[in-house]
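Q: Hi! Got a moment to look through this one with me?
A: Sure, let's pull it up.

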Protein chains: 2
Amino acid sequence: MSGSRYGEIAEALRRSILEGEYPVGALLPSESDLAARWGASRGTVRQAVGLLASEGLIGSRQGARRVVLRQERRHSFAQLTSFAQWAQAMGCEVSSRILTRTTRRAGAEEASRLGVARDSEVLYVLRLRRLDGEPVLVERTAYTDWVAPAVRDLPDDCVSIMDSIAENAGIVAHYGEHLIDAVAAGSEDARLLGVRRGSPLLRQRYLTYTAAGRPIEWTDDRYLPGSVAFAVSNSAAASPLERHAGPSVTPHPVRAP
Amino acid sequence: MSGSRYGEIAEALRRSILEGEYPVGALLPSESDLAARWGASRGTVRQAVGLLASEGLIGSRQGARRVVLRQERRHSFAQLTSFAQWAQAMGCEVSSRILTRTTRRAGAEEASRLGVARDSEVLYVLRLRRLDGEPVLVERTAYTDWVAPAVRDLPDDCVSIMDSIAENAGIVAHYGEHLIDAVAAGSEDARLLGVRRGSPLLRQRYLTYTAAGRPIEWTDDRYLPGSVAFAVSNSAAASPLERHAGPSVTPHPVRAP
DNA sequence: AAGTGGTCTAGACCACTAG
DNA sequence: TAGTGGTCTAGACCACTTC
């Protein structure tokens, strides 16, 4: 994408917006203006502005110039699958520690999510993750049998398991399916995060799988509220009854009170 | 969109997927196949499959056929701004009751979010909303002064305020900005939802604004966990380091335990 | 080597917004 | 009425997957 013409145009526009050349509410140049200015076709320009729209930076309506909605960097939601990548991009110091690593037969939930047999062996990993030294996340992951060997030998303080198995074993998550809700802290959660049992946690469960559709892991992440929230932008088509524009989602840092 | 060629093609493909003609893991016809079959250009076909990709139904990689990822209806995240629309689409019976309606000077939070002066008058509405008769959501909304008159005279059991003010006053939400996290139930929340004080709630705060960028409302929604979750699909580009594909987000019903 | 999706071009017409 | 974005076409070349 960064090697593409439209990615280049998008990046330039993005920088202009973030630097304030086009403040919130300002109108972007027209498509034909941009096309002429960049020596590109209108289609290529539309790919570029479509990218920014999907990030929630700009909005559009037929007949009117595009408008700047936000002056704020947004990291791709794809990084949601990598806490480490996200945290580093946000400028936070992230550290992790694997507390337990056990191989057991898959439970009903994991077997169903991972699409493996009930009696197949699965690697369970419990991790505590910190942001700027503060514990904020308890992570419980089940890795399918074919991924387990790549995870088994990683050091306990491995910052990003996803990055490591991508590099070492060529296992790359291409798709993800996430479920976000709230749960009460269990006793283990409470002890690790330093809160009372029953206190609210933001839960993000997700399944990742390869480009070929093979499940990699099923994870249950529990965040201390106030440390992160999920931010979502959406934009409707002009007609109130026919909405379809793609939203943009990112984990969002919460400033301490 | 439904009046467009690509919307038509997308809808047909969507139906085929949901009806199982292309089960999960199946390969879609190639772009040129589809173009020939529909008598459309390749560009139009790409718009159609792009729509399905943004809904998380299909995935793609350069060089390989598109693959079906999910066989499951997904409603547009745009409906996240309308609880009523979403619930009805899910086949749930939804009812709402406005408990209080007060006009006060804006607090610091609301003034900042709505972009109005600290001393401007804002309409605060407290609503309890039910799904199939069960209370699941406490909603606290602040409407800007210019929207307030359209809301003031709505009946207490109005099912969808958004739909009503769109119809009556032509006020349509075009953009939305959402923040999702978890909070402990306050005493009012606890009383209304029938849970203990301090128990976990899923919170969704959002600002909606018009096509012209004028803020309409700032809302704090608190869901009973187990009633809804947010579902997110994401898809990465082929390169693990250059991800940009748009995610698809929807509220997601949770079946009772 | 053949097939496929990703990118790009240079046109065209229409629906909508704004002055 | 002029300008703008939304849609559509018919080509082209390249990178990648698959066999």
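A: Before we start: buried here means under 20% relative accessible area, counted with protein chains only. Also, keep in mind that this is a predicted model.

Q: Good to know. So which residues of α1(B) are buried?
A: Tyr6(B), Gly7(B), Ile9(B), Ala10(B), Ala12(B), Leu13(B), Arg14(B), Ser16(B) and Ile17(B).

Q: Why would residues three or four places apart point the same way?
A: An α-helix has 3.6 residues a turn, so positions with that spacing face the same way.

Q: And what covers the buried residues of α1(B)?
A: The cover includes α2, α3, β1 and β2 of chain B.

Q: What about the span of α1(B)?
A: From first C-alpha to last, α1(B) reaches 20 Å with its 14 residues, close to the 20 Å expected. Gly20(B) follows the helix and has a positive phi, near 90°.

Q: Switching to the DNA: which residues come nearest to strand D?
A: Of the 24 residues around DNA strand D, the nearest are Arg42(A), Ala64(A), Arg5(B), Ser41(B) and Thr44(B).

Q: Which atoms of Arg42(A) lie 2.6 Å from a base nitrogen?
A: An N or O atom in the Arg42(A) side chain sits at that distance from a base nitrogen of DNA strand D. Gly63(A) has a polar backbone atom 3.0 Å from a base nitrogen of the strand.

Q: And where does Glu31(A) come in?
A: Its backbone: an N or O atom there is 2.8 Å from a phosphate oxygen of DNA strand D.

Q: How many nonpolar, polar and charged residues does the surface near strand D have?
A: Four nonpolar, eleven polar and nine charged.

How values were computed. Residues numbered from 1 in each chain as written. Chains lettered and ligands numbered in written order. Predicted model: local features only at pLDDT ≥ 70, side-chain atom pairs only at ≥ 80, totals over all residues. Heavy atoms only, no water. Near = heavy atom within 4 Å. Polar contact = N/O pair within 3.5 Å; in protein donor to acceptor, adjacent residues only side chain to side chain. Nonpolar A, V, L, I, M, F, W, Y, C, P; charged D, E, K, R; others polar. Helix = DSSP H or I, 4+ residues; strand = E, 2+ residues; numbered from the N terminus. Expected span 1.5 Å × (residues − 1). Buried < 20%, exposed > 50% of the residue type's maximum accessible area, 1.4 Å probe, protein only. Contact = heavy atoms within 4.5 Å.
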